[in-house]
Amino acid sequence: MKIEQQHIEGVNKSYLKSHQENYDFLANNLTQKGINISNLLGKLKAFQVAIPSWALGAGGTRFGRFSYYGEPSSLEQKIQDIGILHALTQTAGAVSLHIPWDIPEDYAAVKELAEGLNIKFDAVNSNTFQDQKDAKETYKYGSLSNTNEAVRQQAIQHNLDVINIGNQLGSKSLTVWLADGSCFPGQNNFQTALQNTENSLKEIYKGLPSDWSMLIEYKPYEPNFYSTVIQDWGTSFMLANACGEKAYSLVDLGHHLPNSNIEQIVSILMLKGKLGGFHFNDSKYGDDDLTVGSIKPYALFLIFNELVYGMQNNPQNPDLAWMIDASHNVKDPLEDLIQSLEAIQEAYAKALLVNQTELKEAQLNNDVVKCQEILQDAYRTDVRPLLAQARLESGGALSPINSYRRLNVRETLIEERGKYTVATGL
Ligand code: AOS
Ligand code: ZN
Ligand code: ZN
Ligand code: ZN
């Protein structure tokens, strides 16, 4: 299934009048505050977020998985799904692949399909958290950190293979997330595990093309429940520095212990020029991978406030790889991703409303109340008409979720692919 422009325009008609009223009201208010609307719209239109190939089917937990009908079974179908998301939202112009789950059979065909849907290939992800069929060595006791050199070599080679695959598609970065760690005290020597990881990452780094970057993701626990080798941003930062200037930290919002001040982490990494990528999601307890903005939207706004500040004031930090990393156990994955994309844009738009000059002045005057007022005034502004306008101007849907439903997307996918697909696993 492919959503055509005329389908979207058809559905947009019924929302046009009320949108125009809401938008005019907001645009007037913001203009009176001295905000340049066309500048704002330009930034929103340019902000594209990569969809992870693994989020297009229903997720699950270790207790089970309830499949969603009509899920994609091949890389081509995953790209088609992202094409649907992008047509509606105009903000999902990239895909993040996972190897070996997404090895293309026909590179030219996959590239052509993605190009036709205006989708770029963002960071490619390696997988050393599962044993692969016919693999000689097992990752049961770690991959890049393993005490056995043969295992480390296999994991290094896999990452080099992933770079090679991504290179053929036009990707420019590799994301390394390791499940390495230990489940019980005494199981691992912390220093050996970190040293092995550093040496292995340096080997992978040597194979990185000159215009590529390596993104090092951290996570405090799971699947290992006593220690994780790359447990926090400090460890990731340390490893990125050890590797070189093309290595960066990647922040996944779900990879922090409760109440961590993620906005501060983001801010400091950008100051040091070492924030390379982002995995958006939301969580209540741990790495819940819930819909972005569904639990802590104010925290997301504060994070975006630092990202916007960094993008404006930290030329030492590169452009970021923006990605969603979410999982949906009970929702239609595509609807869930539409909600996440909207929440990201909303937080970004609100952060763009913060008057940085006034904030700096209030900070210098130690006017704590004013500082809070400035942030909360931006946060409390309903920016949704602005997002809708940005979508409209780019050819997207005024109301993506409603359009998705009214265009019977899921029903059509089920018709085309069948209710139970390979991805169902039944
Ligand atoms: C795992 O917890 C990390 O968030 C990874 O970024 C990602 O979810 C994984 O690579 C996908 O399988
Ligand atoms: Zn992640
Ligand atoms: Zn995660
Ligand atoms: Zn997660």
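The protein contains 15 helices and 11 strands, and I should state at once that the model is predicted. Let me begin with the overall dimensions. Along the principal axes, the C-alpha atoms occupy a box of roughly 65 × 60 × 40 Å. For 426 residues, a compact globule would be expected to show a radius of gyration near 22 Å; the protein has 22 Å, and therefore agrees with that expectation. Of these 426 residues, 46% count as buried. As for the contacts in the protein with a separation of 6 or more, 80% are between residues 24 or more positions apart.

I turn now to strand 11, which covers residues 321-324. Which residues lie on its two faces, and are they buried or exposed? Ala-321 and Met-323 are on one side, Trp-322 and Ile-324 are on the other, and all of them are buried. Strand 11 pairs with strand 10, residues 275-280, in the parallel sense, over 4 bridges. Within this pairing, Met-323 of strand 11 is the bridge partner of His-279. The two strands also belong to a right-handed β-α-β unit, in which the helix is helix 9, residues 297-313.

My final element is helix 3, residues 75-89. From its first C-alpha to its last, this helix of 15 residues reaches 21 Å, close to the 21 Å expected at 1.5 Å a residue. How much of helix 3 is covered? The helix is mostly covered, with 14 of its 15 residues buried. Gln-90 follows helix 3, and the phi of Gln-90 is positive, near 60°.

Terms used. Residues numbered from 1 in each chain as written. Chains lettered and ligands numbered in written order. Predicted model: local features only at pLDDT ≥ 70, side-chain atom pairs only at ≥ 80, totals over all residues. Rg over C-alpha atoms; globule rule 2.2 N^0.38 Å. Buried ≥ 20, exposed ≤ 12 C-beta atoms within 10 Å, placed from the backbone. Contact = placed C-beta atoms within 7 Å. Pairing = 2+ DSSP bridges. Right-handed = clockwise from strand over helix to strand, strands pointing away. Expected span 1.5 Å × (residues − 1).
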